[in-house]
Amino acid sequence: MTTSVAIVTGASSGIGKATALRLARDFSAVVLASRSGETLDRVAEEVKAAGAEALVLELDLSAAGAADSLVSRSLERFGRIDAIVNIAGAVPGVDLFQLSDEHWDAAMALKFHGARRLTLRAWEALMASKGSVIFISGTGADIPNAATAAIGTINAAIEALAKAFADRGLRDGVQVNSVSPGPVMTGRRQAMIATWATANKLGIEEAKARLLAQAGISRYGEPEEIADLIAFTVSPAARWMTGTVLRMDGGEVKSR
């Protein structure tokens, strides 16, 4: 019998993959959702090696019906949902005056509305299990700037959304928090650094050092560090914590 089930979106790489592998140590099953099916299959093998069952669901949560499919297929397979970790969502790091309506709409459709719809659709199952929800935001919510305007704006909206769900969760017995990572060295960040290095005629290592200095921190974070924080937040040890933004950023926001 499956006794505990976690859904992780954006599970094919970066923080999402690290979280899926970390939760495989604590949950009996992990549902892996992403647009990258082939990559998810490889993550699923690692989840199984860590001791949990794995269900791979290749879907695009920006599509209106994707949340229904994800929840119904998870319940059909396992019969319950105990935790949802909303990680999916690539927001363009584009200057405020270069962002098109299409940029804004695509980013909101996946990171904000995808997470909102999934949490709503799974709410009844989460009430039944007295479950937990995590929304991933980011330090741009605290230190927004024009160069990456959509990132800061949407992350701030995510944190407000999480608090709204947490308010209802007090009545319904569902724990809801958001986790706000600082600069974490994922594949996406490596690509962003490479683009920035080229634009500024710098080598990769020099670009990394300059961006660290701009952030006011001593090193980049690792996906596994964020995954450990998420695992604690959905564990029984953190049950009394809800409606909270948990920031892990190496001191980036404090340094401002």
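Buried area here is the accessible area, taken with a 1.4 Å probe, that two parts lose on being put together, summed over both. By that yardstick, domain 1 and domain 2 of this predicted model bury about 680 Å² between them. Carbon and sulfur atoms account for 55% of that area.

As for who the two partners are, domain 1 comes in two pieces, residues 5–184 and 222–248, while domain 2 covers 186–220. Their C-alpha centres sit 26 Å apart. Ten residues from domain 1 and seven residues from domain 2 take part in the contact.

On the domain 1 side, a trio stands out: Pro183, Val184 and Glu225 bring 60% of the area that domain 1 buries against domain 2, more than any other three residues.

Polar links also cross the boundary. Three residue pairs are in polar contact across the interface of domain 1 and domain 2, with both residues of each pair at pLDDT 80 or more. Looking at which elements domain 1 uses to touch domain 2, helix H1 (14–23) and helix H8 (223–233) are the ones that give two or more residues. The domain 1 residues on this side split into five nonpolar, three polar and two charged.

Charge pairing is sparse by count: one salt bridge is found across the interface of domain 1 and domain 2. Arg219 and Glu225 join their side chains in a salt bridge, with an N to O distance of 2.6 Å. Glu225 thus turns up twice, in this salt bridge and in the trio that supplies 60% of the area buried by domain 1.

Notes. Residues are numbered from 1 along each chain as its sequence is written. This is a predicted model: local features need pLDDT of at least 70, side-chain atom pairs count only at pLDDT 80 or more; totals for chains, interfaces and linings use all residues. Side-chain values use heavy atoms; hydrogens and water are left out. Domain bounds come from an automatic or database domain assignment. Contact means heavy atoms within 4.5 Å. A salt bridge is a side-chain nitrogen of Lys or Arg within 4 Å of a carboxyl oxygen of Asp or Glu. A polar contact is a pair of N or O atoms within 3.5 Å; within protein, one must be able to donate a hydrogen and the other to accept it, and residues adjacent in sequence count only if both atoms are side-chain atoms. Helices (H or I, at least four residues) and strands (E, at least two) are DSSP runs, numbered from the N terminus. Ala, Val, Leu, Ile, Met, Phe, Trp, Tyr, Cys and Pro count as nonpolar, Asp, Glu, Lys and Arg as charged, and the others, Gly among them, as polar.
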